[in-house]
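Here are my comments on the model you asked me to look over. Please keep the sequence and the structure open beside you while you read.

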Amino acid sequence: MTVIEGVVEHGDARGRTLGFPTANIALTDLEPADGVWAAQVRIGSEAWAVAAVSVGRRRTFYAGEGPRLLEAHLLDVDGNLYGQTLRIELITQLREQQSFPDVHALTEQLHRDVEDTRAWAAAHCPWLLSARVPTAPERELG
């Protein structure tokens, strides 16, 4: 298991536009490995959630060596997380990072990634799927 802690930063809001809002955390070293992960996420010191997490350079949108970023799509969480500290526990890698020919192909894969993450959570931490994180206007996910 790899653990990343960081403060949620503003991104380019592409995930939200695609229907998969993400909490973005900049990465400063080479860990963890690029790819899509199933993860458990602690929000501040109060709540836990399940997330499909992408680590990499977003090659579908940025050619070459774009900025390396961790993007966590928290399942069943609504709200603004900007400025919140997240503890992201990357548990299992679902697939390698890859480029897609277009946004439609990427979006189809994102749906599969979320389904795979839910299946993983149902088998390993079902209590996190049954606990919906409270929504507050000031916690809108970016």
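The points below go from confidence to the sheet, the cores and the salt bridges.

1. This is a predicted model, and the confidence should be read before anything else. The chain averages a pLDDT of 84, and 82% of the residues score at least 70. Among the elements of the chain, strand β6 (residues 85-95) has the highest mean pLDDT, at 96, while helix α1 (residues 14-18) has the lowest, at 72. Over residues 134-142 the pLDDT is below 50, although this stretch has 29 contacts in the model beyond near neighbours in sequence.

2. The next item is the sheet. Six strands form an open sheet in the order β1-β6-β3-β4-β5-β2, with antiparallel pairing. The edge strands are β1 and β2, each of which pairs on one side only, and from one strand to the next the twist averages 30°. In general, strands of a sheet pair through backbone hydrogen bonds, either parallel or antiparallel.

3. The pairing of β1 with β6 deserves a closer look in the viewer. These strands run antiparallel and are joined by six bridges, and within the pairing Ile 4 stands opposite Ile 88 in β6. Helix α2 can be added to the picture here, since that helix lies across β3, β4, β5 and β6 and runs at about 100° to β6.

4. Which residues touch the most other members of the largest nonpolar core? They are Val 53, Leu 70, Leu 74, Leu 86 and Ile 88, in a core that counts 21 residues. Strands β2 (23-26), β3 (35-43), β4 (47-56), β5 (69-74) and β6 each supply at least two residues of this core. A second, separate core has 13 residues, including Leu 18, Phe 100, Leu 106 and Leu 128. As background, nonpolar side chains tend to be buried together in soluble globular proteins.

5. Ile 88 is a useful residue to select when you explore the first core. Leaving aside residues up to four places away in sequence, Ile 88 touches a list of residues that includes Thr 2, Val 3, Ile 4, Ile 25, Ala 39, Val 53, Leu 70 and Ala 72.

6. The structure holds four salt bridges, and a network of them links Glu 5, Arg 87 and Glu 89. In one, the side chains of Arg 87 and Glu 5 meet at 3.4 Å, N to O. Arg 87 lies in strand β6 and Glu 5 in strand β1 (residues 2-7), so this pair ties together parts that are 82 residues apart in sequence. Arg 87 also meets Glu 89 in a salt bridge, at 2.9 Å, N to O. The three residues can be compared by accessibility: Arg 87 is partly exposed, with a relative accessible area of 23%, and Glu 5 is partly exposed at 49%, whereas Glu 89 counts as buried at 8%.

7. Is the salt bridge partner Asp 113 buried or exposed? Asp 113 is buried, because its relative accessible area is 2% and buried means under 20%. Its partner is Arg 95, with the closest N and O atoms 2.7 Å apart. This pair links distant parts of the chain, as Arg 95 is in strand β6 and Asp 113 is in helix α2 (residues 103-124), 18 residues apart. Arg 95 is buried as well, with a relative accessible area of 15%.

Definitions and conventions. Residues numbered from 1 in each chain as written. Predicted model: local features only at pLDDT ≥ 70, side-chain atom pairs only at ≥ 80, totals over all residues. Heavy atoms only, no water. pLDDT = per-residue confidence, 0-100. Helix = DSSP H or I, 4+ residues; strand = E, 2+ residues; numbered from the N terminus. Contact = heavy atoms within 4.5 Å. Buried < 20%, exposed > 50% of the residue type's maximum accessible area, 1.4 Å probe, protein only. Core = buried A, V, L, I, M, F, W, Y, C linked by side-chain atoms within 4.5 Å. Pairing = 2+ DSSP bridges. Axes fitted to C-alpha atoms, helices over the stretch in contact; angles between N-to-C directions.
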